[in-house]
Structures are given as C-alpha cells and as structure tokens.
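Biologist: Could you take me through one part of this model slowly, and then set that part beside the rest of the fold? I would like one connected account rather than a list.

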Amino acid sequence: MAVRICRTSLRDAAVKRLGSFMTGGARICTRQLSSGTGEAGTAAPKATLGTAGPTAKAPHPSKKGRLLTGAMIGLAIAGGAYISTADEATFCGWLFSATKLVNPLFALLDAEDAHRLAISAASQNLLPREKRPDPLILSLEVWGRKFRNPIGLAAGFDKNAEAIEGLLGLGFGFVEVGSVTPMPQEGNPKPRIFRLPKEGAILNRCGFNSEGIVVVAKRLGAQHGKRKMEETASNLSSSNDDVKQGGKAGPGILGVNIGKNKTSEDAAADYVQGVHTLSQYADYLVINVSSPNTPGLRRLQGRKQLKDLVKRVQAARDEMQWAEDGPPPLLVKIAPDLSKEDLQDIAAVALNLRLDGLIISNTTISRPDPVNSHPLAKEAGGLSGKPLFDLSTSILREMYILTRGKITLVGCGGISSGEDAYKKVRAGATLVQLYTSFAYGGPALIPQMKAELAECLKRDGFKSIQEAVGADCR
C-alpha cells in the first residue's frame, strides 16, 4: 500500500511538472513572440489610439507562437495520458524524447531570441530532469572531485549564471558559465549570431556580452547557499569520502569562465578581479584568452603574456583563504588557430606553472569545408560546430603529446555524438564540452550521447573512461 501511494504521489508530481513545463513554456513563447516581433524584423501590430472600444481587436499571437504553443499543449495532453501507466524512469525517458518534437520549432525564432527562451525555460525549471543513473563506466575523478559523466556544457550558453540548476538537471556532468566580465557590457551590435543548420554550425561575434561580476556573484551566492542547506539536510557534508561528491551548485560540477572588458587596458587586473569575486563559488575556474571577438584578447596566448597572466591569477587565487578542499583548479581556454610554435609555448607555460588544465578549443576564425562556400562565411566572428571538429581534435592531440599527458585537457569543438566525444577522449581529453550540437539537438541529445559513449568504451574493451584518455597517442 505504501509503495502504491508513493508511486501515485510521484506520478501526480510529474504530471504537475509536465503541465507547468508545457504551459509555462507556451506562455513564455507566446509572450516573447507576440510582444516583440512576429516574423523576423517585423514589428507586432499595435492598437491605434482611440480604438479601445467594443470594436477594437486584441492583437493575435504570431503564427510561430501559436504553432509552438499548440505543440506544447499537445505534448502535455499526451504526457498526462502516458504517465498514468509509466514508472518514473520510463516517464523520464519519454519526456526527454518528447523534446525532439518541440526543439525544431526553436529554429523558427531568431537565434538570439531562441537562446533567450531556452535560458528562461531552464531558469524556471521547465526542462526535463534526468532521474536515471548514468552508466558507471562514465564516472571519473578529476581534480579531487567526482564527475558522474565527462560530458559538460561549454561556456557561452549560460553567460550570466541564470539557469545552472536546470541545466545540471538535464544530466550534464558539469556546466560552465560565463564568460563573465568585471563590468557589464552589451557586447557587439546585433545581429551577431548566425545559424548554418545544414553544416551543423553557428557563427557568432557576441563579444563577451555580460551582466557583470556583481550580478553573477549574487546568483552564484544564492545557488551556493542553497547547495549548502541541502548538504546539511542530507548529511552529505559528514561523508568520510576524500573525493568531493558533486560540486558547489549541486550534483554536477560548476565551472566559472572569466574574461576581460573590451575597453580594459589591464587585462590581468580584470581576471584577478574575477578570481577574487567568483572563485569561492566555482569548482574550477577558466581564463578565457581565446575569444576572437574581443580585440587583442588572443595576443594573451603568447608565451610571455600568458606566463605573466597565469602567475598573477594564480597568486590572486592562492592568497585567498580556503577550506580543506583548497582553491579551485585553474584552466586556460585556447584557440584552435595556433601554430606549432604557439602550442609549444602554451604547453611549456602550462607545465612550468603547473596549470590544472586546458580547454581545447574556442571557436575558429577560419572557415573550413563546407562553410567556406557558404554565403555567411564572410561574416566576422568565431565558427563553432561540426566543421570545427577535425581542427580542434588535431590541436587537442598535439597538446596531449606536448604536455606528455600531465595536464588535464577538456575537449571542445564540434562534438555532436557519443562517437565524437569518444574520439576526443582517445585524442587526450579527460572531459568534453558541447555547445552548438546542444543548441540544435536540445535535451534529448544528452542521454543519447552518454549511452553512445558508454557503448564505444565497452566495444573497445575499456573498463572506465579514464582508461581511454589519450589511447590514440600511446
């Protein structure tokens, strides 16, 4: 009887959650689509003064808004019927699969509007939540912390730390927020994000648009406080395990990516300020010196410049007071457009200063096939997605060899399947990150990739993800 009551309660909660997910998302879509623009670049009709009487007509939602709303309501009805016979794990799988029906509709929106809508949904916990355990073969330990899987969300998606809980809830092993700049800045003029869907790519020149350190610190502080309360309630803090379970924002690991303001003359001071303000909330920190959209930023990847910068940031981090688990690891995110000499210099700095890790790589200013013949190829900005995969993986493999496997590498660039993630791991990546493929594929991509990655490991006889790291370089 008790088990039956418990299952009923879980189903009731799930129905309520599904209803809020679908109808809440519909309200957001309709509001955004009807209050701003209908078709791209066309202002929504406004009421004329003096027509507010009985004959005045209320403005109708746009066709796109009605389509998206109808799809969500349909899913809500179907979900309510389905869950009456499904257990929680089955329902969870259904809900992730159902997002495949909604996600293509986001392509009807302007790229930046679609991104804003996704962040709104995640921040309000309107996305599906992964309840199923990850394959044990994917769990690993990095920097004294346990990752439930090596698949993370790259910086740039949740720039202002608005949706950490919702994004971690999707089943990512870790989420990286930012880049965060000391002072708020708008970034580059719009339009600044361009989709290339047939190529599985995105071209952006956002330019570190950020709400600034103060706003982000408040959000991270609230998230950190919530996590501490949950730890106390569940007695997790009294565990005798030497390896930290989860992170500062929940069961997943939280990375904070810091950048510099466009007009700043002292780049190192900007990064130091980011460390002083945000590092207490981070499971790891990232110095972003590789965005192609901030003038002069990539020059910080030079040997002397990078060495001086890392030393100042490390000193700022180490002078702070830390608990028993010590300061957060420090990583540097580098570009894929580097010469052999550049890579050798970065490897030397990383080894000499005992850097905790490198993220390889950021977007590229090159236009590899098939993008080079696309009409948007002439647009300025960094290219991400499938066309970047070979270039970034080649740089990753080279850096693994140059650092002799002594530096933790995070593979980023063009990953769109578990097989892609596996190739990054074999090239030297301990962890991997998504961005563009998640923007196109949505939540359903995450469990699919984890299952595919686990199958790749088993197929080749590896008993853990860590056994496969750098396999192609040995």
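Modeller: What follows begins with a strand and its partners, and then turns to the barrel, the main core and a pair of helices. Please keep in mind that this is a predicted model.

The part I would look at closely is strand S6, residues 201-204, in which Ala201 and Leu203 point one way while Ile202 and Asn204 point the other way, and all of them are buried. Strand S5, residues 193-196, runs antiparallel to S6 and is joined to it by four bridges, and within this pairing Arg195 has Ile202 as its bridge partner. The hairpin that S5 and S6 form has four residues between the strands, and there Gly200 takes a positive phi near 65°. S6 also pairs with strand S12, residues 382-385, again in the antiparallel sense and over four bridges, with Asn204 standing opposite Gly382 of S12.

The barrel is paired in another sense, for its eight strands, in the order S3-S4-S8-S9-S10-S11-S13-S14, form a closed barrel with parallel pairing. Neighbouring strands of this sheet are turned by 25° against each other on average, if direction is ignored. One of the pairings is that of strand S3, residues 151-153, with strand S14, residues 431-434, where three bridges join strands that run parallel, and where Ile151 stands opposite Val432 of S14. Helix H8, residues 303-318, packs on the sheet by touching strand S9 (284-288) and strand S10 (330-334), and the direction of H8 makes about 150° with that of S10.

As for the interior, the largest nonpolar core has 103 residues, of which Tyr271 and Leu358 touch the most other members. Helix H13, residues 445-459, gives the largest share of this core, namely seven residues. Leaving aside residues up to four places away in sequence, Leu358 touches Leu331, Val332, Ile334, Ile346, Ala350, Met399, Ile407, Thr408, Leu409 and Val410. Apart from the largest core lies another core of seven residues, and this one leads back to the hairpin, since its members include Phe194, Leu196, Ala201 and Leu203.

Two of the residues touched by Leu358, Ile346 and Met399, also take part in the contact between helices H9 and H10. The axes of H9, residues 340-352, and H10, residues 389-402, come within 10 Å and cross at roughly 45°, and the two helices are therefore oblique to each other. H9 passes H10 in a right-handed crossing, with Lys340, Leu343, Gln344, Ile346, Ala347 and Leu351 of H9 making the contact with Ile395, Glu398, Met399 and Leu402 of H10.

Conventions
Residues numbered from 1 in each chain as written. Predicted model: local features only at pLDDT ≥ 70, side-chain atom pairs only at ≥ 80, totals over all residues. Heavy atoms only, no water. Core = buried A, V, L, I, M, F, W, Y, C linked by side-chain atoms within 4.5 Å. Buried < 20%, exposed > 50% of the residue type's maximum accessible area, 1.4 Å probe, protein only. Contact = heavy atoms within 4.5 Å. Pairing = 2+ DSSP bridges. Axes fitted to C-alpha atoms, helices over the stretch in contact; angles between N-to-C directions. Parallel < 35°, antiparallel > 145°, perpendicular 65-115°, else oblique. Left-handed = near helix turned anticlockwise from the far one by under 90°.
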